[in-house]
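Let us walk through this structure step by step, beginning with its sheets and ending with the spaces enclosed by its chains. Please keep the sequence and the 3D view open while you read.

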Amino acid sequence: MIQYIYDGSFGGFLCCVFECFERREFDVQLITEKVFAPDFFALSKTIVSDKAKAKRVLDGLTKSLDASRAKDFFRVFLSEDPIAIQNALGLIIQIFQKKENILENYGEEKALYFSQTLKKVGRERHRMKAFIRFEKSSNGMFFAVIAPDFNVLPLIIDFFTKRYTDQTWLIYDEKRHYGILYDKTGISEIEISELDANAIIPSNEVVVLDLEEQKYQQLWKSYFKSTNIEARKNMKLHLRHVPKRYWRYLTEKK
Amino acid sequence: MERIEEKLKILADAAKYDVSCSSSGSKRKNNGSIGDASFSGICHSYTEDGRCVSLLKILLTNHCIYDCAFCVSRKSNDVRRAAFTVQEVVDLTMNFYRRNYIEGLFLSSGIFKNADYTMERLLRIVKKLRTEERYNGYIHLKTIPGASGELIQDAGLYVDRMSINLEIPTEEGLKMVAPEKDHASVRKPLAFVQNQISNFKSESKLIKHKPLFVPAGQSTQMVVGATPESDLEILKVADDFYQNYKLKRVYYSGYIPISSDNNLLPAIGTRPPLIRENRLYQADWLMRFYDFKVDEIVHESKHQLDLEIDPKLAWALRHPELFPIDINTANFRTIIRIPGIGRQSAMKIIKARQFGRLHEYQLRKMGIAYNRAQYFITCADSIINIGHTSMDWVRAQILQQSKASQKYLPQQQLSLFV
Ligand code: SF4
């Protein structure tokens, strides 16, 4: 067993795959720089991210599977679950070696875990499409703050770009300290230091809100109340659909 | 309180008994402005009763010239009245949509003056949204019974879905509580719009830039438990409307008593028939996605769905001769009929068995409700049973299990409104 230490990016992960085949080392444990603590007994090796190598692995995957199946590895990677990522490595090795689509072998542990992780990430992605609430600032930008369980921001960009083509928006992941800004022409990734991030978080009231913002938040809250049917009240069901950890980002729940 | 907030309260409150909420199935795409209704539906929030909030669901007005006994907006009811202006509805929709509160607008209305007067205002709203605001989000419009064909046709060019409610499942039932209404006035516009939809479909093969006409189709709603129809009658009506008007959805709304002055209807305080409503949705689901016929779902001697167990399980228990089914050889259509196995897990089973025969421990992990399915299947390591297991015994076993698990689980209620 050898430990590969990589930068924690998806590209870095793909480079680890590259390295496995390059060095014919298939019993590898993946560790990110952040959590790496030298273990006296284990062998370790630092893998440097290299775009060209990553691309070759991705192309290989796309060839062996199909494009959307290959992208599933990216989605699973975003779960940030070390077990899922370790499993994914094992699966890629098998796919390249055996040349068959073992991802559908749901009777097998790794493939099953892969599909279950995929489902979890998918659900979080769906929730972020639903639970994002924009607030309008005085300069006309719509901004939202999120803290999803998994790193799903990359998976919802397309959705919001298609939906809000004529307004400037920013979605900021306060757990991972980065955001996506759309300026009506294209998107860019922005990193904000924790300090600056405090400035855009609405409760801190550094951002000047649009004059009408409070009014529409109030209208939405009262709509939400009026649409409830008291005779059918079922809080357990409610909580299952809207777990408490999302409440602080939902206008109607604040 | 601002007047607009008060209006919103009144007109959202009056619209909430309409249970349709789906925002899926449209083909409308964004062309550089705002909104996109080409995706599957999204529930942006859930009310405390657990229903999905996907659309801004409001009435244009709750003034009404009619007096349907089951309706809060009926003429004789003593409630506060309000009416939105065209611009108010447009502003609310746009501002809610831009903040990602909603997928779109669900607009219904009481009837003021007459059907055409009301329909004409609804038309002005949807037209303004599409042409002036360049809004491409979802719009579901309630057609006003009795409105003229031209107005309905015109509106069809701007909306994604249209619906018109049957309200009470049978004509006789409807006559009891709403003498001024009849099913014909629902069938006629449904048929008219259905006709237009298929006309547009055949035309659009010839024209390049095809106009969209009600791209997400039509739906209807029936109030359940206000009048004495049986489940068999209700599902037969639904089936008829699915077959003949190609409806996308039929919604079932358990009647919530709102009036004491009509002794034909359940009195105030009677609990809405939530379990029955749930069973009807499950039955509807079986018809639409599992290829079940109405007479397979409802036992012809009973005319009612079993409230204790879901309709698929009830069907399986009535047919011991069809079980057990071998998971490793049966086809998809057969596997999805097994209690405890849905379409997704059936697909997984079919894929996974290409890699080798499936054993019990694998099935248990694959997301099927094994405790329920076990009585109806065999797999690679099943012990061979001689003769059929008694289905009465199976029923008792399953009921006992689900009672035990109910203690720990949140109240089982299907998420119907997705
Ligand atoms: S016509 Fe419609 S709004 Fe008017 S009372 Fe009847 S159901 Fe209610």
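Two strands are said to pair if DSSP finds at least two bridges between them. Strands of a sheet pair through backbone hydrogen bonds, and the pairing can be either parallel or antiparallel. With this in mind, we can turn to the model, which is a predicted one.

In chain A, an open sheet is formed by 5 strands in the order β4-β5-β6-β7-β8, and its pairing is mixed. The edges of this sheet are taken by β4 (135-136) and β8 of chain A, each of which pairs on one side only. One pairing that can be followed in the view is that of β7(A) with β8(A), which runs in the antiparallel sense over 5 bridges. Within it, Gly179(A) has Ile190(A) in β8(A) as its bridge partner.

Chain A can also be viewed as two parts, since it is divided into domain 1 (2-123) and domain 2 (132-249). Taken over C-alpha atoms, the centres of domain 1 of chain A and domain 2 of chain A are separated by 32 Å. How many residues of each domain are in contact with the other? In domain 1 of chain A there are 7 such residues, and they are in contact with 7 residues of domain 2 of chain A.

The second largest pocket of the structure belongs to this part of the picture, and its volume is about 950 Å³. It is lined by 27 residues, and the closest to its centre are Asp7(A), Gly8(A), Ser9(A), Lys34(A) and Glu80(A). Two or more lining residues come from each of the elements β2 (28-32), α3 (67-77), α4 (82-98), α6 (153-163), β7 (178-182) and β8 (187-191) of chain A. The largest share of the lining of this pocket, 3 residues, is given by β2(A). Sorted by class, the lining of the second largest pocket contains 14 nonpolar, 5 polar and 8 charged residues. Where does this pocket lie with respect to the domains of chain A? Because domain 1 (2-123) and domain 2 (132-249) of chain A both give residues to its lining, the second largest pocket lies between them.

We now move to chain B, where an open sheet of 6 strands follows the order β3-β4-β5-β6-β7-β8, with parallel pairing. At its edges stand β3 (55-59) and β8 (249-254) of chain B, and each has a single partner strand, so one side of each is left without a neighbour in the sheet. If direction is ignored, neighbouring strands of this sheet are turned by 20 degrees against each other on average. Looking inside the sheet, strand β5 (residues 138-142) and strand β6 (residues 161-163) of chain B pair in the parallel sense over 3 bridges, and the bridge partner of Leu141(B) in β6(B) is Met162(B). Helix α3 (residues 115-131) of chain B packs on this sheet, where it touches β4 (104-108) and β5 of chain B, and the direction of the helix makes about 175 degrees with that of β5(B).

Next come the cavities, of which a search of the whole structure finds 5 with 30 Å³ or more. The largest cavity holds about 700 Å³ of space. Its lining consists of 38 residues, of which Asp18(B), Phe70(B), Cys71(B), Asn165(B) and Glu167(B) lie nearest its centre. The elements that give two or more residues to the lining of the largest cavity are α1 (3-15), β4, α6 (184-204), β7 (218-224) and β8 of chain B. By class, this lining has 22 nonpolar, 10 polar and 6 charged residues.

The second largest cavity has a volume of about 110 Å³. It is lined by 12 residues, and those nearest its centre are Thr227(A), Arg51(B), Cys52(B), Val53(B) and Lys57(B). Both β2 (52-53) and β3 of chain B give two or more residues to the lining of the second largest cavity, whose residues divide into 7 nonpolar, 3 polar and 2 charged.

Finally, two details of the backbone of chain B can be found in loops. A cis peptide bond, with omega about 0 degrees, joins Phe323(B) and Pro324(B), and Pro324(B) has its place in the loop between α10 (311-318) and β9 (325-326) of chain B. Val214(B), although it is not a glycine, has a positive phi of about 40 degrees, and Val214(B) is found in the loop between α6 and β7 of chain B.

Conventions: Residues are numbered from 1 along each chain as its sequence is written. Chains are lettered from A and ligands numbered from 1 in the order in which they are written. This is a predicted model: local features need pLDDT of at least 70, side-chain atom pairs count only at pLDDT 80 or more; totals for chains, interfaces and linings use all residues. Side-chain values use heavy atoms; hydrogens and water are left out. On a 1 Å grid over the protein atoms alone, a cavity is a set of points where a 1.4 Å probe fits but cannot get out, and a pocket is an open set with protein on both sides within 12 Å along at least five of seven lines; lining residues have an atom within 4 Å of a point. Grid points are joined across faces, edges and corners, and a volume is the space filled by probe spheres set on the points. Helices (H or I, at least four residues) and strands (E, at least two) are DSSP runs, numbered from the N terminus. Ala, Val, Leu, Ile, Met, Phe, Trp, Tyr, Cys and Pro count as nonpolar, Asp, Glu, Lys and Arg as charged, and the others, Gly among them, as polar. Domain bounds come from an automatic or database domain assignment. Axes are lines fitted to C-alpha atoms, for helices over the stretch in contact, and angles run from 0 to 180 degrees between N-to-C directions. Contact means heavy atoms within 4.5 Å.
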